[in-house]
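Biologist: I am new to this structure and would like to look closely at a single part of it. Could you choose one and take me through its surroundings step by step, in one connected account?

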Amino acid sequence: MPKNPYAGHFSDIEIQDALDVPKLYGVKLHNDDYTPMDFVVRLLVTVFRKSEVDAAVLMLAVHEKGESLVGVYSYDIAATKVMQAQRMADAAGFPLRITMGEVAS
């Protein structure tokens, strides 16, 4: 039986797994004078999977501070949530502004 010429080739080399940690993106809701508070709570429960209590706390933070971070996700998930939330607001006729941006690691 012939010896495998490749059998020991890589065993002498230390291979390090250098995996990049994916960048994270924060999604923010911005306050306006037209979007009702109950709609914001429903949006947070529906799109961002927040509990009713957490959604109410976040809605009040948006109302009082002008904006609030509602979640941190990988790029694809953040972009999808922004799109879903914006479509929900647009369909209801509200000018709610939802943004995303890279967060520091």
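Modeller: A helix here is a DSSP run of type H or I with at least four residues, and helices are numbered from the N terminus. Leu 44 lies in one such run, helix H1, and H1 is the part I would like to follow, bearing in mind that the model is predicted.

The setting comes first. The protein chain holds three helices and three strands, and from the N terminus on these elements follow one another in the order β-α-α-β-α-β. Of its 105 residues, 30% count as buried. When contacts between residues at least 6 apart in sequence are considered, 70% of them join residues at least 24 apart. The chain has an accessible surface of about 7,600 Å², with 56% of that belonging to carbon and sulfur atoms.

Within this setting, the largest nonpolar core has 23 residues, and the members that touch the most others are Val 27, Leu 29, Leu 43, Leu 44, Phe 48, Val 70 and Ile 98. At least two residues of this core come from each of strand S1 (24-30), helix H1 (37-46), helix H2 (52-65), strand S2 (67-74) and helix H3 (75-92).

Turning to H1 itself, its buried residues are Phe 39, Val 40, Val 41, Leu 43 and Leu 44, and they pack against S1, H2, S2 and H3. Leu 44 is a good place to begin. With a relative accessible area of 0%, it falls under the 20% cut-off and therefore counts as buried. Apart from neighbours within four places in sequence, Leu 44 is in contact with Leu 29, Arg 49, Lys 50, Ala 55, Leu 58, Met 59 and Val 70.

Two of these partners deserve a closer look, and one of them is Leu 29. Leu 29 and Leu 44 are 15 residues apart in sequence, and their C-alpha atoms are 9.7 Å apart in space. Again leaving aside neighbours within four places, the contacts of Leu 29 include Val 40, Leu 43 and Leu 44, as well as Val 62, Val 70, Leu 96 and Ile 98. The other partner is Leu 58, which lies in helix H2 and counts as buried because its relative accessibility of 15% is under 20%. Beyond its neighbours within four places in sequence, Leu 58 is in contact with Leu 44, Lys 50, Ser 68, Leu 69 and Val 70. Leu 58 can also be placed relative to Val 41, since 17 residues separate the two in sequence and 8.1 Å separates them in space, C-alpha to C-alpha.

A further position in H2 is Ala 56, which is partly exposed, with a relative accessible area of 27%. Its C-alpha atom is separated by 8.4 Å from that of Val 40, at a distance of 16 residues along the chain.

Next comes the pairing of H1 with H3. The axes of these two helices come within 10 Å and cross at roughly 145°, and the crossing is right-handed. On the H1 side the contact is made by Phe 39, Arg 42, Leu 43 and Thr 46, and on the H3 side by Ala 85, Met 88, Ala 89 and Ala 92. By character, the residues of this contact divide into six nonpolar, one polar and one charged.

The loops at either side of H1 complete the picture. Thr 35 is found in the loop between S1 and H1, and at 12% relative accessibility it counts as buried. Its contacts, with neighbours within four places left aside, are Val 40, Phe 94, Pro 95 and Leu 96. In the loop between H1 and H2 we find Arg 49, a residue that is not a glycine and yet has a positive phi of about 55°. Arg 49 is exposed, with a relative accessible area of 67%, although it is also among the contacts of Leu 44.

Taken together, H1 can be read as a helix whose buried residues face S1, H2, S2 and H3 in packing, with Leu 43 and Leu 44 among the members of the core that touch the most others.

Notes: Residues numbered from 1 in each chain as written. Predicted model: local features only at pLDDT ≥ 70, side-chain atom pairs only at ≥ 80, totals over all residues. Heavy atoms only, no water. Buried < 20%, exposed > 50% of the residue type's maximum accessible area, 1.4 Å probe, protein only. Contact = heavy atoms within 4.5 Å. Areas by Shrake-Rupley, 256 points an atom, 1.4 Å probe, with all protein chains shown as cover. Core = buried A, V, L, I, M, F, W, Y, C linked by side-chain atoms within 4.5 Å. Axes fitted to C-alpha atoms, helices over the stretch in contact; angles between N-to-C directions. Left-handed = near helix turned anticlockwise from the far one by under 90°. Nonpolar A, V, L, I, M, F, W, Y, C, P; charged D, E, K, R; others polar.
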